[in-house]
Structures are given as C-alpha cells and as structure tokens.
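Me: I would like to learn how to read a chain contact and a pocket. Where should we start?

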Amino acid sequence: MTFDFSPVLTYLPTLIQGIGITLLIGVIVALFSVAGGLLVAVISIYTNKVISWPLRAFIWLFMTTPLLLQLYFLYFGLGELILIPAIVVGILGLGFHYMAYNADIFIATIRSVSDGQYEASRSLGFGHGATLFNIILPQALIRAVPQLGNNLILMVKDTSVLSAIGVAELVYASQYAISVSFRPFEFFIVIALIYYAINILMELGQAWLERQTAFRR
Amino acid sequence: MVEVTPLLVKAAWVTIDISVRAIVFGFLVASALVFFRSVKFTPVRWFSRAYVSVVRGTPYFVQLLLIFYGGPTIGLDLDPFTCGVVVGAFNIGAYMSEAIRGAIESVDKGQSEASRSLGLGRLATMVNVVLPQAAGLMIRSIGVLAIVLIKNSSLVSIISVVELTYQAQRLIGSTYKPLEIFAVSALMYIVIIYAVMGIVELAYRRTTRFNAL
C-alpha cells in the first residue's frame, strides 16, 4: 500500500478548472432553483386548481424519484428533440430537482406567515399584490433561510452526479487524469477533500446568514 | 412497454435488496458511532465526530467512486454490489447516528435522572427508560434517511450494478422511448418509497402507542 500524490499535483490545473465549473454550476442552479421554487410556490398557492394541481404534481414527482433517473430522462428525452450540450441538461436537471425541494419549503413558510397576516393586511387596506409582496413574501423568505441553506449545501454535493451525463465538473474533469495515472484513490481523496472544504465554507455562510436574519423573524 | 416491464421489475428488486442491506448494516454503523460518542477515551469521541462530519460533508457519489476505484489501492477489492451496500451503509450510518443521538437527547433528562435515582444502572436506564421513549422519533428520522438512501442507490448504476436506474438508462438507450421508460421506473421508485413510508408509520404507531402525551 503506497500512496503517490504527485499525479494529483501534475493535473492540478485540470482539477482547478473542474472546481471552477462545479462552482459555476452551483451558483447558476442556486439562483435558478431558489427563484423558480419561489415562483412555483406562489403560483401554486394563489391560483386556481387547474394551474396549481400540475405544479404540485411536478414537485411531488421530482421529490419522489432519484436525481440520476431525472437526468437520464432529460438527457435522452431532450437529446432526441434538439441538440443540447450536457452542461445545459445538467443545469436544467439539477435546477428542476432542487426547484421542487425549494418550492416545497416556500409553500410551507408562505402558509405559516399567510395564515394570520393575510386577512390582517387586507383589512388594513392593502391590496392582494401589496400584501403578497410587502407583508407575506419578505417574512416567508426569511423563515425559509435555514432549510434553503441545507438544500443548497446538498445541491452542491449533488453536482458530482452530473459527471454521469458527461458534464465536465470536478469529478468528470479528473477522470482522464485518473485513467492515465492509475491513481484513483489519491485523486478521489483529494476530490473528496475539495468538496469537504466547499461544504465547510457553505456551512459557515449558512450560519452567518441565519444570524443575520434571526432577529427579523 | 409490456416487454420492458419485467426487466424493470427485476431491477427494482435489486434496488430494494441493496437498500435494505445498506439500511440494516447502516444501523449497526450508526449504533457504533453513537456508542463511540459516549466513550470516556477522548480520541474515540473525536473519531466519531470527525467521521460523521467528513461523511456528511462529501458527496455520496465521490465516496462510492473512491471505494470502488480507489479501494484496491488500500487492499479493498469489492464487487460492485457489495461496494454499493458497504458505501451505502457507511454513508447512511453517519446521518443515522445523528438521528439516533437527536432522538435520545430529545428524551427529557429528568427521565434518566429519576431512573438512576431509583437504582437502575446506566445500561438498564438506557434500554428500559430512554430508548423506548426515543424510539418513535428515531423511527421517523431513520425513515426519512432510508428514503434518501433508496434514491441515492440509483448512483450505484455508475459502477454497473444492474438496478432500477441502470436498467432504465439502458432501456432508454435501446428503445428510444424515454418518456415511457421514465414513467414506469419512476412509478416503481414511488411504490417503493410509499411502502417504506407505510412501514415507518406502522412502526411509529406501534412504538408510541403507550407514550403519554
């Protein structure tokens, strides 16, 4: 049992490029899934059954099936219709998956605020839209912070699954280096540590954000 | 559609098989980790904490690739199915140890103090007083983790275990009917997950039926 980490150093630029793409995907999916999740939640709460029912079905379907299965479906399903790069499929797949989870959280937090305050706000003369944007949503967003943070941390770890459909993020980027150096153990240890470092930073960020928003609840 | 369903049903059994084994072994791993947290010798406690932190802080997918492709370097040459079970167990074990600890800590401290002052030993207090009251919460959180594990078990398709997602991907490739294959395999995951939810709910009711509220 001998370890040789020198190939990892040789291929460091490749790994760094992979980290860059992983972080890029993470940021895009974070924005996409939080904004989309909020939109889906608001629409599914404040519209009629014809619109809200399919949205609830969408949330339910994405939460009860594995991410990888959804990615394969999108990859082969969309691939049949149009020529589309793997990274776009990956961002859409991961984005829709976490959009469903985030929408589920927003539905719960919007309801928790809305229960008492919707009528109070309306009876004070605010309109439906003003009540939603000035009273309900700001509070619902702040209440959602802890769980959204958890979801985003899980999401960044799940970007590794995108390598299965050929997205050139960290895991996929190191595959060539692994196949020529025959040092899978060393490479995957380093990759795991990189994810661990990202994870710790995100947990610190989450703790900071929770402290910042705690007094506003 | 009719001709692919038996293949997917067979693959779904592999998903169930691998998940059940991982959950059972994962419970043993979790129990050991919880026990390590209470050992007097400090390095053992640190090991337990560090293990949980690292496993929860790294992707399951990377853990799987590390043990499957990197395992032979440290003398761990596992076949894909065994590798899936082992990595699944050691992964869910970390999460489960936190769930078990949380459930034990949720039991009021006065319960164990009262039990100790009535003359019961530490082990008897844990087994007869604390655990029965923690069991309900424990079962529900383990149920949630089991569902996550079942969905994560799709990742062992990457190391060529012929389970549900592997078979679905292969059939999508050979039949060019992504929607139908996705619908059938998604339905199977949904059936498995709802079965787990049902079992968890039954077990929850059974363990909490004498709980005072």
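Reply: With buried area, which is the accessible area, taken with a 1.4 Å probe, that two parts lose on being put together, summed over both. This is a predicted model. Here about 3,100 Å² is buried between chain A and chain B, and carbon and sulfur atoms give 78% of that area.

Me: Which elements give two or more residues to the side of chain A that touches chain B?

Reply: They are helix H3 (49-64), helix H4 (67-81) and helix H8 (184-214) of chain A. H8(A) gives the most, with 9 residues. By residue class, that side of chain A divides into 23 nonpolar, 8 polar and 2 charged.

Me: How many residues does each chain bring to the contact?

Reply: Chain A brings 33 residues and chain B brings 34 residues.

Me: How many salt bridges and polar contacts are counted between chain A and chain B?

Reply: The count of salt bridges between chain A and chain B is 0. For polar contact, the rule finds 6 residue pairs across the interface, both residues at pLDDT 80 or more.

Me: Now the pockets. How is empty space found?

Reply: Rolling a probe the size of a water molecule over the atoms shows where empty space is left. In this model, the second largest pocket holds about 960 Å³ of space.

Me: What lines the second largest pocket?

Reply: Its lining has 23 residues, and Ser38(B), Ile104(B), Arg122(B), Met126(B) and Val130(B) lie nearest the centre. H6(B) supplies the largest share of the lining, 7 residues. The lining residues divide into 11 nonpolar, 4 polar and 8 charged.

Technical notes: Residues are numbered from 1 along each chain as its sequence is written. Chains are lettered from A and ligands numbered from 1 in the order in which they are written. This is a predicted model: local features need pLDDT of at least 70, side-chain atom pairs count only at pLDDT 80 or more; totals for chains, interfaces and linings use all residues. Side-chain values use heavy atoms; hydrogens and water are left out. Contact means heavy atoms within 4.5 Å. A salt bridge is a side-chain nitrogen of Lys or Arg within 4 Å of a carboxyl oxygen of Asp or Glu. A polar contact is a pair of N or O atoms within 3.5 Å; within protein, one must be able to donate a hydrogen and the other to accept it, and residues adjacent in sequence count only if both atoms are side-chain atoms. Helices (H or I, at least four residues) and strands (E, at least two) are DSSP runs, numbered from the N terminus. Ala, Val, Leu, Ile, Met, Phe, Trp, Tyr, Cys and Pro count as nonpolar, Asp, Glu, Lys and Arg as charged, and the others, Gly among them, as polar. On a 1 Å grid over the protein atoms alone, a cavity is a set of points where a 1.4 Å probe fits but cannot get out, and a pocket is an open set with protein on both sides within 12 Å along at least five of seven lines; lining residues have an atom within 4 Å of a point. Grid points are joined across faces, edges and corners, and a volume is the space filled by probe spheres set on the points.
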